[in-house]
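Got a few minutes for some structure exercises? Have a go at each task before you read its solution.

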Amino acid sequence: MSERIQAPRGTYDVLPDDHAARGRVLRVAENVLERAGYRRIETPVFEHTELFARGVGASTDIVQKEMYTFDDAGGRSLTLRPEGTASICRAYLDHGMQKLPQPVKLWYHGPFFRHERAQAGRYRQFWQIGAEAIGSDAPALDAEAIVLLATVLDELEVGGLRLRLGSLGSPETRAAYREELQAHLRAHADQLSEEVRSRIDLNPLRAFDSDHPGTQAVMQTAPRLLDRLSAEDAEHFAEVRALLDAVELPYEIDPTLVRGLDYYARTVFEFTSDALGAQSGVGGGGRYDGLIAQLGGPATPAVGWAAGMERMLLAAGDAPIPEPMVDLYVALDGESTARSQGFRIAAEARRAGLNAQVELAGRSMKGQLKQASRLQARYVAIVDDTGQARLKDMDAGEQQEIPHTDVVAQVLRGRGLR
Ligand code: HAM
């Protein structure tokens with residue numbers, strides 16, 4: 001026997017039983033977002049590598065280590081999308097959406113790819129639901145986006161939720177702060193982890209994320225970006241907070257909140273859930289006012305978020321999953337006439353809107369009846385070679401003998417559909 005081929009590490013199959021819960025997450029998000037004026041968009045799963053290198057940022061872990069990049073047959077470098085925001089901005093520009101009334105509000109759902117260390121809640125192919133609002137710098141748009149994600153998570157009954165909120169200020173403030181932080185890190189270089197030390201030049205902010213004790217001690221006394229915001233950025237942040245207060249959405253200010261993507265400016269936020277293990281981030285996002293210009297478009301402010309399908313499912317409350325209802329099970333008690341009539345009855349029943357199953361596995365009559373009861377079929381029609389059918393009403397325990405051409409009409413009447 002040949003060796004069996006396994007699914008790639010960090011991927012998983014979405015099995016039939018999994019779809020009800022995923023469908024529920026998708027429906028909840030769709031309802032919440034569409035009610036707030038977001039419209040669905042889909043972009044390709046692969047893009048030019050340059051889009052992410054420029055959009056997500058060359059110094060990020062995502063671009064440096066986690067992208068699935070390949071050359072196509074034409075020698076172009078393509079990448080399986082590690083996130084959605086850069087693609088949405090590209091589509092916004094490609095389709096001239098700056099000419100639409102602003103802000104343009106878009107939402108999406110689909111698979112994303114990162115070559116990360118696979119573990120519970122962390123996959124190499126995972127699904128995100130995301131929302132992007134492009135074309136306004138109003139703090140109300142930030143607050144609205146945050147409230148919408150909170151509403152989605154709330155409706156899904158995601159437990160133990162915390163909202164962390166921060167502001168990264170403008171690129172200029174951040175650049176000045178970065179130098180100040182680099183100076184602080186260099187002054188304490190001997191206490192830092194090897195990794196943080198090697199990234200002082202490239203990405204000093206990530207030092208806040210380190211779990212290395214020496215680095216953590218150094219970061220305790222590090223300057224905080226929130227204390228360095230310009231008056232305008234501080235006011236923007238204060239307004240976002242005031243609006244969250246107005247709807248009584250609790251949050252914690254986290255001056256060390258760093259996100260793994262470079263495009264953020266001003267507001268950043270992350271929802272975590274205690275119901276999850278180490279990978280506690282359910283969803284997050286922020287403002288990315290410089291991204292569209294970085295992709296060659298006009299300066300266009302924007303804000304958005306994405307939430308992981310798997311993590312929402314792990315942390316969500318259990319909703320009752322309805323069993324698929326089988327209206328009619330067609331059992332075969334004969335040879336070719338029974339087979340062809342059974343096939344015809346099932347096709348007719350489905351056209352009439354019923355859920356119908358016909359015996360396909362060559363079971364004995366006993367086996368067929370067992371299968372019908374396993375499926376909790378409401379009616380069973382036993383078709384023989386004479387053109388007659390015995391129709392059993394499984395709830396009432398009654399049986400009648402009718403021509404096979406009457407079976408579907410009879411079931412429809414029984415189900416109150418005719
Ligand atoms: P992100 O924080 O990288 O942001 O990802 C958002 C969410 O996707 C995470 O909170 C997590 O739930 C899920 N996620 C990320 N990586 C994985 C993984 N390897 N396995 C399972 N789930 C994962 C973004 O992607 C930004 N594009 C969000 C955004 C939109 N910012 C502005 N607009």
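**Exercise 1.** Find the backbone oddity just after α4, then work out how enclosed that helix is.

*Solution.* Start with Gly96: just after α4, this residue takes a positive phi of about 55°. This is a predicted model, where local features need pLDDT of at least 70, side-chain atom pairs count only at pLDDT 80 or more, and totals for chains, interfaces and linings use all residues. Numbering runs from 1 along each chain as its sequence is written, and side-chain values use heavy atoms, leaving out hydrogens and water.

Next, take the helix itself, residues 85-94 (helices are DSSP runs of H or I, at least four residues; strands are E, at least two; both are numbered from the N terminus). Eight of its 10 residues are buried, so α4 is largely enclosed by the rest of the structure. Here buried means under 20% relative accessible area, with a 1.4 Å probe and protein chains only. The buried set includes Ile88, Cys89, Tyr92 and Leu93. Then look for the cover: among the elements providing it are β2 (46-48), α2 (49-55) and β5 (104-113).

**Exercise 2.** Which residue of β4 is the bridge partner of His48, and which is that of Phe70?

*Solution.* Begin with β2 and β4 (residues 77-80), an antiparallel pair over three bridges; pairing requires at least two DSSP bridges. His48 has Leu78 as its partner. Now go to β3 (residues 68-71), which pairs with β4 in the antiparallel sense over four bridges. Phe70 is also bridged to Leu78. Finally, check the β3-β4 hairpin: five residues lie between the strands, and Gly75 in the turn has a positive phi of about 80°.

**Exercise 3.** Describe how α1 and α5 meet.

*Solution.* First the geometry: the axes of α1 (residues 19-35) and α5 (residues 139-155) come within 9 Å and cross at roughly 145°. Axes are lines fitted to C-alpha atoms, for helices over the stretch in contact, with angles from 0 to 180 degrees between N-to-C directions. Then the residues: α1 brings Arg24, Val28 and Leu33, among others, and α5 contributes residues including Leu148 and Glu155; contact means heavy atoms within 4.5 Å.

**Exercise 4.** In what order do the strands of the five-stranded open sheet run, and which stand at the edges?

*Solution.* The order is β13-β12-β14-β15-β16, with mixed pairing. β13 (356-358) and β16 (398-403) are the edge strands, each with a single partner, so one side of each has no neighbour in the sheet. Further in, six bridges join β12 (residues 328-333) to β14 (residues 379-384), and these two run parallel.

Technical notes. Buried means under 20% relative accessible area, exposed over 50%, partly exposed in between (1.4 Å probe, protein chains only).
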